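This briefing sets out the architecture and selected local geometry of one protein chain. The topics are burial, the sheet, helix packing, aromatic pairs and backbone geometry.

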Amino acid sequence: MKLSVPGRVTATAVVATVSLLAGGSIAGAAPAGQPAVAAAPDIPVANVKAHLTQLQSIATANGGNRAHGRAGYKASLDYVKAKLDAAGFTTTVQQFTSSGRTGYNLIADWPGGDTNQVVMSGSHLDSVTAGAGINDNGSGSAAVLETALAVSRAGYQPTKHLRFAWWGAEELGMVGSRFYVNGLSTASRSRISGYLNFDMIGSPNPGYFVYDDDPAIEKTFKAYYAGLGVPTEIETEGDGRSDHAPFKNAGVPVGGLFSGADYTKTAAQAAKWGGTSGLAFDRCYHSSCDTTANINDTALDRNSDAVAYAVWELSR
């Protein structure tokens, strides 16, 4: 997540009442005469952590980081792309320049679905130069990758078109995602039913925050957590600080999840979520200690499953 700018996100309600982003049907309910669509799969947290181990190894081999314009970033992108190519996605690498260095976005489209209704999920793949960026934002990147791979394993064929993205240079001000959005025609932007953003979802002293930008997306995430009996809060730390911002500014419905950065967990939050009050959600935010040791497995597991849940529910 990019440093310092205002912040926001949230939650609300019940699966059966979620009206999808662009469609009029009830989430989870099959239209008359059509078979019911399978429920979202459980995302194995071991698989997500295996991706994080690979990102850590890449950082370690490349000066300790995966930052924009550095070898560790390109190696991270190559790792993700190889997984997606092998799984049957159509991948596109976008190149841009920022701060005198070359940056890259990776876009992956799953074949099929109505391309006039695109459900897009994304995360930033770059770290800061100070460290490996395993929570910020290997966590979101790995969860989105494993969800995409789950789509392939399931042979999922939703009504809507699925697109996944890994953004470059987020830490410099959402440069990659802004480059992507600015490059879309008005018609192309209008075809994106919703953009789901996942930035820091495995914080070691986690909270459970849901973006409140779009009511339908918010309800979808809130329904998932309600099913777990996990209370959520509106995200107030990251508004305008991550890759949903360029989409929102362009009029695209956005939503997402967040487990907290350098804000301090309150006593009330510790009472409902566990963890330690008076300490930051992520004490290693933008630091060299943001390694594979800086991940809460329970938060990563729950949030990874929530990514898949939302992708399935909103693309039916």
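A residue is called buried here when its relative accessible area is under 20%. By that criterion, 18 of the 21 residues of helix H3 (residues 134-154) are buried, so H3 is largely enclosed by the rest of the structure. The model is a predicted one. Its sheet is open and consists of eight strands, and it holds 17 aromatic pairs.

**Sheet architecture**

- The strand order is S1-S2-S4-S3-S5-S8-S6-S7, and the pairing is mixed.
- The edges are formed by S1 and strand S7 (233-234); each has a single partner strand, so one side of each is left without a neighbour in the sheet.
- Strand S1 (residues 90-98) and S2 run antiparallel and are joined by nine bridges; within this pairing, glutamine 94 has asparagine 105 of S2 as its bridge partner.
- S2 also runs antiparallel to strand S4 (residues 160-167), with four bridges between them; here the bridge partner of leucine 106 is tryptophan 166 in S4.
- Seven of the nine residues of strand S2 (residues 101-109) are buried, so S2 is largely enclosed by the rest of the structure.
- A parallel pairing over five bridges connects strand S3 (residues 114-124) with S5, and in it serine 121 stands opposite leucine 196 of S5.

**Helices on the sheet and against each other**

- Helix H2 (residues 71-86) packs on the sheet and touches S1, S2 and S4; the direction of H2 makes about 15° with that of S2.
- H9 likewise packs on the sheet, where it touches S3, S4, S5 and strand S8 (254-258); the direction of H9 makes about 145° with that of S4.
- Helix H1 (residues 45-61) packs against helix H9 (residues 297-315) at an angle of about 110°, and their axes are 9 Å apart.
- Angles of 65 to 115 degrees count as roughly perpendicular, and H1 and H9 are therefore roughly perpendicular to each other.
- On the H1 side the contact is made by Val45, Val48, Lys49 and Leu52, and on the H9 side by Asp297, Leu300, Asp301 and Ser304.
- By class, this contact of H1 with H9 has four nonpolar, one polar and three charged residues.

**Aromatic pairs**

- Among the 17 aromatic pairs is that of phenylalanine 96 and phenylalanine 179, whose ring centres are 5.7 Å apart and whose planes are at 35°, so the pair is tilted.
- Phenylalanine 96 lies in strand S1 and phenylalanine 179 in helix H4 (residues 175-182), so the pair ties together parts that are 83 residues apart in sequence.
- Phenylalanine 96 counts as buried at 4% relative accessibility, whereas phenylalanine 179, at 37%, counts as partly exposed.
- Tyrosine 208 and tryptophan 273 form an edge-to-face pair, with 6.1 Å centre to centre and 70° between the planes.
- This pair links distant parts of the chain, 65 residues apart: tyrosine 208 belongs to the loop between strand S5 (192-198) and strand S6 (209-210), and tryptophan 273 to helix H8 (residues 267-273).
- Both tyrosine 208 and tryptophan 273 are buried.
- Tyr208 and Trp273 also belong to one aromatic cluster, together with Phe209, Tyr224, Tyr225, Phe258, Phe281 and Tyr309.

**Backbone geometry**

- Serine 99 lies in the loop between S1 and S2, a hairpin with two residues between the strands. Its phi is near 55°, a positive value in a residue other than glycine, and serine 99 is exposed, with a relative accessible area of 62%.
- Methionine 174, in the loop between S4 and H4, also has a positive phi near 55°. Methionine 174 is buried, with a relative accessible area of 6%.
- The peptide bond from aspartate 136 to asparagine 137 is cis, with omega near 5°; asparagine 137 is placed in helix H3.
- Glycine 155 follows H3 and has a positive phi, near 60°.

**A long-range proximity**

- Lysine 248, in helix H7 (residues 244-249), counts as partly exposed at 31% relative accessibility.
- The C-alpha atoms of lysine 248 and tyrosine 195 are 8.6 Å apart in space, while the two residues are 53 residues apart in sequence.

Terms used: Residues numbered from 1 in each chain as written. Predicted model: local features only at pLDDT ≥ 70, side-chain atom pairs only at ≥ 80, totals over all residues. Heavy atoms only, no water. Axes fitted to C-alpha atoms, helices over the stretch in contact; angles between N-to-C directions. Parallel < 35°, antiparallel > 145°, perpendicular 65-115°, else oblique. Contact = heavy atoms within 4.5 Å. Nonpolar A, V, L, I, M, F, W, Y, C, P; charged D, E, K, R; others polar. Buried < 20%, exposed > 50% of the residue type's maximum accessible area, 1.4 Å probe, protein only. Pairing = 2+ DSSP bridges. Phe/Tyr/Trp six-rings, centres within 6.5 Å; stacked < 30°, edge-to-face > 60°.
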